Amino acid sequence: MDSKKVVFSGIQPTGNIHLGNYLGAVKNWVDMQDMYDNIFCIVNSHAITIKQNPKELIQKTLDLACILIACGIDPKKSNLFIQSKIDYHPALAWILDCNIFMGDMTRMTQFKDKSNKNPKNINVGLFNYPALMAADILLYQVDLVPVGSDQKQHIELTRNVAMKFNRDFGECFKIPEPLILKEGARVMGLDDPTTKMSKSATGKNHAIFLLDEPDVIISKIKKATTDSNSNIVFDENRAGVYNLLCIYEVLSKKNRASIEDEFANKGYGVFKNALAEIIIDTLRPIQTKYRELNNDKKYIQEILQNGLDSVLPRAESTYNKAKELIGLL
Ligand code: TRP
């Protein structure tokens, strides 16, 4: 019997995947693959809480699968599948909905952020987003959920509804733990280092996308916000330089003291060149693999199908149990 802990995480197929997504989430997933029984889900049903162009959504969903595999998600070690292929997700979300109080859902800060950003489309699905996320996780009897700190509140809600259901109707769900990814991997916007690098930000130089060409990367890094203080040291109060140094730290795997030594008495120009170079070197193999995979759509479909086949029985068994316990025929 496989006794590895089960890990589940989700990523939305919206916007363009960027360096912040890679360092903050995907790279961690890749690095953890050997240790756990991994389920990674492309959460396209969550994506429609914001208005999407239907054709583009399909394209982006498949493209994200391709990028994730190019980043190193290994189909031999991990199950990758598309959320909308399993109807138990929205079906369980409904059962959970009936066990979450309005007051608890109303406290979710991401809903407030997202509705402020999309005042013209504050839909019920956006409000209800955390229930679908809870269903994603609870269907698979998951031990750990690797997420950024912005998702902690949603995991807390997931745990609470699972405990309440188990208490009220009988044992059904495993209670998952969040695996909060390190802050060091929290990449901020290049044009605004006070906000997290985001897929939806509109600034041209806000984010480095995983498929950016080398000259684009060089130009974006050159334009990245720094300050008039010229020494290159890790100082959280100097958000721009600090962000760039943190990216360099993660990619070079050098420690902070040796990085500060390396750039002592050198200007931003030298540092930014070195940073652009290391980003280009990191992304090059991913881009090459992506182009290869993009020519082999059948292979991607096969991986997604295998992922689906392997996780579906777990979802089915949990859903049927929940249904039975709550008295649905
Ligand atoms: N809400 C998550 C995010 O925006 C994505 C997500 C959906 C997720 N379902 C999940 C993450 C289940 C972890 C587990 O990042």
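The paragraphs below lead through a predicted model of one protein chain, from its overall build to its pockets, its enclosed cavities and a few individual residues.

The protein chain contains 13 helices and five strands. Its radius of gyration is 21 Å, close to the 20 Å that the globule rule gives for 329 residues, so the chain is as compact as a globular protein of that length. Taken along the principal axes, the C-alpha atoms fill a box of roughly 70 × 45 × 40 Å. Of the 329 residues, 48% are buried, and the accessible surface of the chain comes to about 16,200 Å², with 53% of that area belonging to carbon and sulfur atoms. Among contacts with a separation of 6 or more, 76% join residues that stand 24 or more positions apart in the sequence.

The open spaces come next. The largest pocket has a volume of about 1,400 Å³, and its lining is made up of 46 residues, of which Asn21, Gln110, Asp150, Gln151 and Lys196 lie nearest its centre. The elements that contribute two or more residues to this lining are β1, α1, α2 (44-47), α6, α7 and β4 (144-147). Sorted by class, the lining of the largest pocket holds 17 nonpolar, 19 polar and 10 charged residues.

The second largest pocket holds about 290 Å³ of space. It is lined by 14 residues, and those closest to its centre are Asn44, Thr61, Ile82, Ser84 and Lys85. Here α2, α3 and α13 are the elements that give two or more residues to the lining, which by class comprises seven nonpolar, six polar and one charged residues. Helix α2 thus appears in the list of contributing elements for the largest pocket and again in the list for the second largest pocket.

Turning from open to enclosed space, what does a search of the whole structure find among cavities of 30 Å³ or more? Two such cavities are found. The largest cavity has a volume of about 70 Å³, and the residues that line it are Gln59, Leu62, Asp63, Cys66, Asn294, Lys297, Ile300 and Gln301. Helices α3 (54-71) and α13 (297-326) each supply at least two residues of this lining, and the largest share, four residues, comes from α3. By class, three of the lining residues are nonpolar, three are polar and two are charged. Both α3 and α13, which contribute to the lining of the largest cavity, are also listed as contributors to the lining of the second largest pocket.

The second largest cavity contains about 40 Å³ of space, and Gln110, Phe111, Lys114, Leu126, Tyr129, Pro130 and His154 line it. Two or more residues of this lining come from each of the helices α6 (109-117) and α7 (124-138), and the lining divides into four nonpolar, two polar and one charged residues. Gln110 lines this cavity and is also one of the residues nearest the centre of the largest pocket.

Some individual residues complete the picture. Gln12 is found in the loop between β1 (6-11) and α1 (19-32), and its relative accessibility of 15% counts as buried, because buried means under 20%. Setting aside residues up to four places away in sequence, Gln12 touches Val43, His46, Ala47, Leu64, Lys114, Tyr129 and Lys199. Of these contacts, Lys114 and Tyr129 also belong to the lining of the second largest cavity.

Thr109 lies in helix α6, where a relative accessibility of 42% makes it partly exposed. Thr109 and Lys272 are separated by 163 residues in sequence and by 35 Å in space, C-alpha to C-alpha.

Which residues other than glycine have a positive phi near 60°? Lys253, placed in the loop between α10 (239-252) and α11 (256-262), has a positive phi of about 60° although it is not a glycine, and with a relative accessible area of 69% Lys253 is exposed. Asn265 lies in the loop between α11 and α12 (268-294), its phi is near 60°, again a positive value in a residue other than glycine, and at 84% relative accessibility Asn265 counts as exposed.

Conventions:
Residues are numbered from 1 along each chain as its sequence is written. This is a predicted model: local features need pLDDT of at least 70, side-chain atom pairs count only at pLDDT 80 or more; totals for chains, interfaces and linings use all residues. Side-chain values use heavy atoms; hydrogens and water are left out. On a 1 Å grid over the protein atoms alone, a cavity is a set of points where a 1.4 Å probe fits but cannot get out, and a pocket is an open set with protein on both sides within 12 Å along at least five of seven lines; lining residues have an atom within 4 Å of a point. Grid points are joined across faces, edges and corners, and a volume is the space filled by probe spheres set on the points. Ala, Val, Leu, Ile, Met, Phe, Trp, Tyr, Cys and Pro count as nonpolar, Asp, Glu, Lys and Arg as charged, and the others, Gly among them, as polar. The radius of gyration is taken over C-alpha atoms; the globule rule is 2.2 Å times the number of residues to the power 0.38. Buried means under 20% relative accessible area, exposed over 50%, partly exposed in between (1.4 Å probe, protein chains only). Contact means heavy atoms within 4.5 Å. Accessible areas come from the Shrake-Rupley method with a 1.4 Å probe; for residues, only the protein chains shown count as cover.
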